[in-house]
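Some words in structural biology have strict cut-offs. Here we hold a few of them against one model.

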Amino acid sequence: MATPGDELDNLAHLLPPSWKTQVTAWLAEDTPSFDYGGFVVGEVPREAYLLGKGKQTAVLAGVPFFTEVFTQVGCEVEWHMKEGETFEPVKHVATVRGKARHILLGERVALNMLARCSGIATQSKKFKDLADACGYKGIIAGTRKTTPGFRLVEKYGMLVGGIDAHRHDLSSMIMLKDNHIWSHGSITNAIKQARKVGGFSLLVEVEVGSEAEADEAIDAGADIVMLDNMEGAALADAARRLKDKWAGKRKFLFESSGNVSEANLHERALNEIDIISTSAVHQSVQHIDFSLKIQKPKD
């Protein structure tokens, strides 16, 4: 039985009312016409084991989406571990029960989603653990470089993996990147224009490429300054000087982004930096191998 604490930590409660329609669309895409294989197996009741495979310790993520796929095709899912837990392959993760053709209708859609979401959660946890081992006290975050139409699942995987999902869309936060600045003409004027329409409720983040640009952004009232592609001692020194200069005058956060990887994370994990964002936790991640095996009926 779930405890009140478990319910408060249930990330599925974050999902918007529209999320189940995405699952419906996945199923419609996968079976747009006749289900020939389903015709062959018919509607005999069957039980299938979801197995976590592969060659690495993995994080389970995507449980509500997987369950909803099979709910929509008339099956039931019994989970044998909690979302966010790690497992060693081969692991019996869940059991799906239903009519044979219904199980096979949902199989590939559910497995593809679970493989990617769990891969993102696994990589996110890996980055978070590496940062913790470096003594980093700030925030590890993903980016908005997500797959069109699949953003909700990918952002969900980041959260399950224990990192920040960053902004979800263009409406979540005002981010002024180099193209905005170059198109408008100056950092200061761009921030003024953004404040005029964004009001008090939206944070303004500005991407800069130098200490001088960061100084201008802070002076103009940016809430977050992204020090793009700055690394090592140069990054730490610039952040330290600017925090000392503006101490007691402005409140702001520093974000480091661009070319962050497992190999160089220790160079960015500086406590002068408040946020480290990277697409390495969700772009080109290794998917986690799962299979769904229908069990032979017992005599």
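A crossover is right-handed if, with the strands pointing away from the viewer, the path from the first strand over the helix to the second runs clockwise. Helices (H or I, at least four residues) and strands (E, at least two) are DSSP runs, numbered from the N terminus. The model is predicted: local features need pLDDT of at least 70, side-chain atom pairs count only at pLDDT 80 or more, and totals for chains, interfaces and linings use all residues. Residues are numbered from 1 along each chain as its sequence is written, and side-chain values use heavy atoms, without hydrogens and water.

Q: What makes a right-handed β-α-β unit with S8 and S9?
A: Helix H9 (residues 211–220) is the third part. The path from S8 over H9 to S9 is right-handed, so by the definition it runs clockwise in that view.

Q: How do you know that S8 and S9 pair?
A: Pairing needs at least two bridges found by DSSP between two strands. S8 and S9 (residues 224–228) have 4 bridges, so they pair, in the parallel sense. In S9, Met-226 is the bridge partner of Glu-207.

Q: How many bridges join S7 to S8?
A: S7 (residues 174–176) has 3 bridges to S8, and the two run parallel. Val-204 in S8 is the bridge partner of Ile-174.

Q: Why is S8 called mostly covered?
A: Buried means under 20% relative accessible area (exposed is over 50%, partly exposed in between; 1.4 Å probe, protein chains only). In S8 (residues 204–208), 5 of its 5 residues are buried.

Q: Which residues of S8 lie on each side?
A: Val-204, Val-206 and Val-208 are on one side, Glu-205 and Glu-207 on the other. Both faces are covered.
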